[in-house]
Amino acid sequence: MAIVTQTPLNPGDSPLVREALSSVVSRETSATQTADAPTQDTSPSEAPASGAAAPADGSWPRPSKCRVIAVANQKGGVGKTTTSVNLAAALSMNGERVLVVDLDPQGNASTALATEHRGDVPDVYQVLVDDLPMADIVKAVPDMPGLFCAPATIDLAGAEIELVSLVAREARLRRALSAYEAEFDYIIIDCPPSLGLLTVNALVAADEVLIPIQCEYYALEGLGQLLRNVDLIKAHLNPTLNLSTIVLTMYDGRTRLASQVADEVRAHFGDTVLNTVIPRSVRLSEAPSYGQSVMTYDPGSSGAMAYMDAAREIAYRAVTV
């Protein structure tokens, strides 16, 4: 049998990508973006229509109520924490009040936001398991007015087991956030790379799901299972939950596969996918080692500018209901 070695000329010619996305075909929407659509967000004056009008001073619109966004994908290494931290930083730099809830036992979001999360520091674990008020753990991020972090320590790794025996185990985070009286425009929940009880708590507490998708084939394999879980939680635990945003990360324009994955995802999910794509950037990897987001570490880098555009797009786009 002859083996075809020629690189596919069109996204649809890639059988692996097509097979990976076949599990989510029920969610397919009519594509509104063409292959030559711009990959960067429009300027604020040309931003997508939103439920909130842009203020006259040119700053970003503030939502009418707090938007609780769970950043979820059970595959590791797709940019969940990087996306959570940098979107939060970009939003806060444009006048929004933002809380980042670090729900990953690795505590990477806490590290990137220079928030202490070692030793006996009160953290999300105590909120979920011991009913500690959220106000007792939230810390202001240094040199970032309007940005706050609820840190995670390694203790959170045991929460998956300890939550099993607790009453209303799936809604512990939602209850804690509901009782927290501080006012925020955005609460961004950085989920762990799993579909366990921590991620379920995040999805029950959230109004929106943001899924970062790495522009490689492996990143698509578990997407169907994640979306089935979102549907189950929407049906049984949180009827207001919506898949509002997909962001394409680690985009390498030099490879044909990245373009194929991006085009296929856009074809299936339409306007849910941000116009802005996040490129591979060394600065994005370096910033956390300095306890910073890339927005302050190197504002002129390609990664920082891409996340600023993505945050602007999220701030302006209406939430689909």
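This is a friendly conversation about aromatic pairs, salt bridges and hollow spaces in a predicted model.

Reader: How many aromatic pairs are there in this model?

Author: The count comes to three aromatic pairs. One of them joins Phe-148 and Phe-184.

Reader: Why is the contact of Phe-148 and Phe-184 called an aromatic pair, and what makes it edge-to-face?

Author: The ring centres lie 5.6 Å from each other, and the cut-off for a pair is within 6.5 Å, so the two rings count as an aromatic pair. The planes stand at 70 degrees; because an angle over 60 counts as edge-to-face, that is the label for Phe-148 and Phe-184.

Reader: Where in the chain do these two residues sit?

Author: Phe-148 belongs to strand E4 (residues 147-150), while Phe-184 lies in the loop between helix H6 (172-179) and strand E5 (186-190). They are 36 residues apart, and the pair links distant parts of the chain. Phe-148 and Phe-184 also form one aromatic cluster with Tyr-180.

Reader: Is Phe-184 buried or exposed, and how do you know?

Author: Phe-184 has a relative accessible area of 8%. Buried means under 20%, so Phe-184 is buried.

Reader: Why is the pair of Tyr-290 and Tyr-297 called stacked?

Author: Here the planes are 25 degrees apart, and planes under 30 degrees apart count as stacked, so the label for Tyr-290 and Tyr-297 is stacked. Their centres are 5.0 Å apart.

Reader: What makes Tyr-290 exposed and Tyr-297 partly exposed?

Author: Tyr-290 has 53% relative accessibility, and exposed means over 50%, so Tyr-290 counts as exposed. Tyr-297 has a value of 23%, which falls between the cut-offs of 20% and 50%, so Tyr-297 is partly exposed.

Reader: Let us turn to charges. How many salt bridges does the structure hold?

Author: The structure holds 12 salt bridges. Asp-185 and Arg-62 form one of them.

Reader: How do you know that Asp-185 and Arg-62 form a salt bridge, and which parts does the pair tie together?

Author: Their closest N and O atoms are 3.0 Å apart; the cut-off is within 4 Å, so the contact counts as a salt bridge. Asp-185 lies in the loop between H6 and E5, and Arg-62 in the loop between helix H1 (15-21) and strand E1 (67-71). The pair therefore ties together parts that are 123 residues apart in sequence.

Reader: Why is Asp-185 called buried and Arg-62 partly exposed?

Author: The relative accessible area of Asp-185 is 6%, and under 20% means buried, so Asp-185 is buried. Arg-62 has 46%, between 20% and 50%, so Arg-62 is partly exposed.

Reader: What makes the contact between Arg-280 and Glu-216 a salt bridge?

Author: The N to O distance is 2.8 Å, and the cut-off is within 4 Å, so the side chains of Arg-280 and Glu-216 meet in a salt bridge. This pair links distant parts of the chain, 64 residues apart: Arg-280 is in the loop between strand E8 (273-279) and helix H11 (282-286), and Glu-216 is in the loop between strand E6 (208-214) and helix H8 (218-221). Arg-280 is partly exposed, with 42%, and Glu-216 is also partly exposed, at 32%. Elsewhere, salt bridges that share partners join Asp-131, Arg-172 and Arg-175 into one network.

Reader: Now the hollow spaces. What lines the second largest pocket?

Author: This pocket has a volume of about 370 Å³. Of its 21 lining residues, the closest to the centre are Gly-77, Val-78, Gly-79, Thr-82 and Met-250. Helix H2 (80-93) gives the largest share of the lining, three residues. By class, the lining has eight nonpolar, 10 polar and three charged residues.

Reader: What is the volume of the largest cavity, and which element gives the most to its lining?

Author: The largest cavity has a volume of about 40 Å³, and the structure holds one cavity of 30 Å³ or more. H2 gives the most to the lining, with four residues.

Reader: How many charged residues are in that lining?

Author: The lining of the largest cavity has no charged residues, with seven nonpolar and two polar. Among the lining residues are Ile-69, Leu-87 and Ile-314.

How values were computed:
Residues are numbered from 1 along each chain as its sequence is written. This is a predicted model: local features need pLDDT of at least 70, side-chain atom pairs count only at pLDDT 80 or more; totals for chains, interfaces and linings use all residues. Side-chain values use heavy atoms; hydrogens and water are left out. Rings of Phe, Tyr and Trp (its six-membered ring) pair if their centres lie within 6.5 Å; planes under 30 degrees apart count as stacked, over 60 as edge-to-face and the rest as tilted. Buried means under 20% relative accessible area, exposed over 50%, partly exposed in between (1.4 Å probe, protein chains only). On a 1 Å grid over the protein atoms alone, a cavity is a set of points where a 1.4 Å probe fits but cannot get out, and a pocket is an open set with protein on both sides within 12 Å along at least five of seven lines; lining residues have an atom within 4 Å of a point. Grid points are joined across faces, edges and corners, and a volume is the space filled by probe spheres set on the points. Ala, Val, Leu, Ile, Met, Phe, Trp, Tyr, Cys and Pro count as nonpolar, Asp, Glu, Lys and Arg as charged, and the others, Gly among them, as polar.
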